[in-house]
Amino acid sequence: MLAALGAMLGAWLGWQQAGDLPTIAEATELAGALTPGVPATEFTRRTHLSGSEHTAESGDPSAEIVGGAEEWGAGFVDIPFPQPVTDLVPVRERLRAAGWRTGEVTATELGGAPGSELTAARGDWRMVVVATDRWSSGWARVERAEPPAALVLSLLLAVAGAVLGWFVARRPAGPRWALGAAGLVMLTPATLLAIVNVARDVAGFGGTGPVPLPWEPFGALYFRPLTVLGLALAAVWVTTVLAGRRAAAGAVTTS
């Protein structure tokens with residue numbers, strides 16, 4: 001458990017080195033490559049590094065700290081297509097000519113409707129391009145790519161968390177063991193999902209698609225209250241165990 005929490009903390013620290021999202025000028029230039037001749041003029045931009053995609057650009061994501069939010073991520077820029085785009089193969093070729101690494105066009109199904117999408121990567125950005133469907137003329141979403149430091153720090157702090165967990169597990173549980181047990185139970189669902197996200201990040205690091213934030217489950221709408229309380233209980237328990245160990249060591253030294 002502490003190893004997983006360490007991995008998430010390391011990822012969060014590493015993500016602080018993430019690059020900026022496209023500016024409006026850069027998004028306009030990219031729109032010209034996606035739909036030449038009829039560039040998009042309307043963009044949705046969320047520049048937060050960790051928060052809900054539904055938080056307004058001028059809003060404060062901290063309002064979701066306790067309650068959580070849906071569709072947590074590291075910001076994005078949405079570029080709607082001003083005209084229908086049903087064939088993504090020409091889009092893929094134009095992106096490659098513009099210096100993007102692209103995946104293949106794949107079939108998708110959104111809300112029961114068949115469609116297709118394409119992923120691409122360049123520098124600090126990852127992008128998903130979705131063809132015209134029953135709801136829109138198609139669109140592209142640009143997100144931040146994961147910084148290499150996020151994976152490195154995630155691994156290092158996972159090891160540190162494992163060592164701390166081993167140290168705590170070897171100490172007597174103490175009178176407040178029930179707090180620790182309750183905290184671990186509350187943290188388990190989000191922690192398991194976070195481990196899955198870390199594995200997905202590692203697997204997708206050299207790819208072209210967007211990657212999830214490892215700590216996203218801890219910000220999710222239904223998990224957030226449990227994780228906040230679980231972290232508090234676990235912190236009290238770990239602090240108590242370590243304090244008891246120091247007190248015992250002090251007593252031995254005194255005697």
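Me: What makes L9, W12 and L13 a nonpolar surface patch?

Reply: Happy to explain! In this predicted model, L9, W12 and L13 together make a nonpolar patch of about 270 Å² on the surface. Patch residues need over 30% relative accessible area. L13, which lies in helix α1 (residues 2-15), has a relative accessible area of 35%, so L13 passes that cut-off.

Me: Why is L13 called partly exposed?

Reply: Buried means under 20% and exposed means over 50%, with partly exposed in between. The 35% of L13 falls between those two limits, so partly exposed is the right label.

Me: Which label does L151 get, and why?

Reply: L151 sits in helix α4 (residues 148-169). Its relative accessibility is 22%, so by the cut-offs of 20% and 50% L151 counts as partly exposed. Along the chain L151 and A11 are 140 residues apart, while 6.2 Å separates their C-alpha atoms.

Me: How do you know on which side of helix α2 the buried residues lie?

Reply: Let's look around the helix axis. In α2 (residues 24-34), the buried residues are A27, L30, A31, A33 and L34. They cover an arc of only 155 degrees around the axis, so they are on the same side of α2. The exposed residues A25 and E29 are carried by the face turned away from that buried side.

Me: What makes the buried residues of α3 line one face of the helix?

Reply: Helix α3 (residues 89-97) has V91, R92 and L95 buried. Looking down the axis of α3, its buried residues fall within an arc of 100 degrees, so they line one face of the helix. Just after α3 comes G99, with a positive phi of about 95 degrees.

Me: Why is R92 called buried?

Reply: The relative accessible area of R92 is 12%. The limit for buried is under 20%, so R92 meets it.

Me: How do you know that R92 and E93 form a salt bridge?

Reply: Check the distance! The closest N and O atoms of R92 and E93 are 2.9 Å apart. A salt bridge needs these atoms within 4 Å, so the pair qualifies. E93 has 36% relative accessibility, which lies between 20% and 50%, so E93 counts as partly exposed.

Me: What about E104 and R92: how far apart are their closest N and O atoms?

Reply: They are 2.8 Å apart, so this pair too is within the 4 Å limit and forms a salt bridge. The pair links distant parts of the chain: E104 is in the loop between β5 (101-102) and β6 (106-110), R92 is in helix α3, and they are 12 residues apart.

Me: Why does the pair E93 and R96 count as a salt bridge?

Reply: Their closest N and O atoms are 3.6 Å apart, so they are within 4 Å. E93 and R96 are three residues apart in helix α3, so about one helical turn separates them. R96 has 36% relative accessibility, so R96 counts as partly exposed. Through shared partners, salt bridges join R92, E93, R96 and E104 into one network. The whole structure has five salt bridges.

Me: How do you know that R141 lies over the face of F76?

Reply: R141 is 3.9 Å from the ring centre of F76. The distance cut-off is 6 Å, so R141 passes that part of the test. There is also an angle limit of 35 degrees from the ring normal.

Me: And how many aromatic pairs does a search of the whole structure find?

Reply: The search finds one aromatic pair.

Definitions and conventions:
Residues are numbered from 1 along each chain as its sequence is written. This is a predicted model: local features need pLDDT of at least 70, side-chain atom pairs count only at pLDDT 80 or more; totals for chains, interfaces and linings use all residues. Side-chain values use heavy atoms; hydrogens and water are left out. Patches are made of residues with over 30% relative accessible area and no salt bridge: like charges are joined within 9 Å, nonpolar side chains (Val, Leu, Ile, Met, Phe, Trp, Tyr) within 5 Å. Accessible areas come from the Shrake-Rupley method with a 1.4 Å probe; for residues, only the protein chains shown count as cover. A salt bridge is a side-chain nitrogen of Lys or Arg within 4 Å of a carboxyl oxygen of Asp or Glu. Helices (H or I, at least four residues) and strands (E, at least two) are DSSP runs, numbered from the N terminus. Buried means under 20% relative accessible area, exposed over 50%, partly exposed in between (1.4 Å probe, protein chains only). Rings of Phe, Tyr and Trp (its six-membered ring) pair if their centres lie within 6.5 Å; planes under 30 degrees apart count as stacked, over 60 as edge-to-face and the rest as tilted. The arc is that of the directions from the helix axis to the C-beta atoms.
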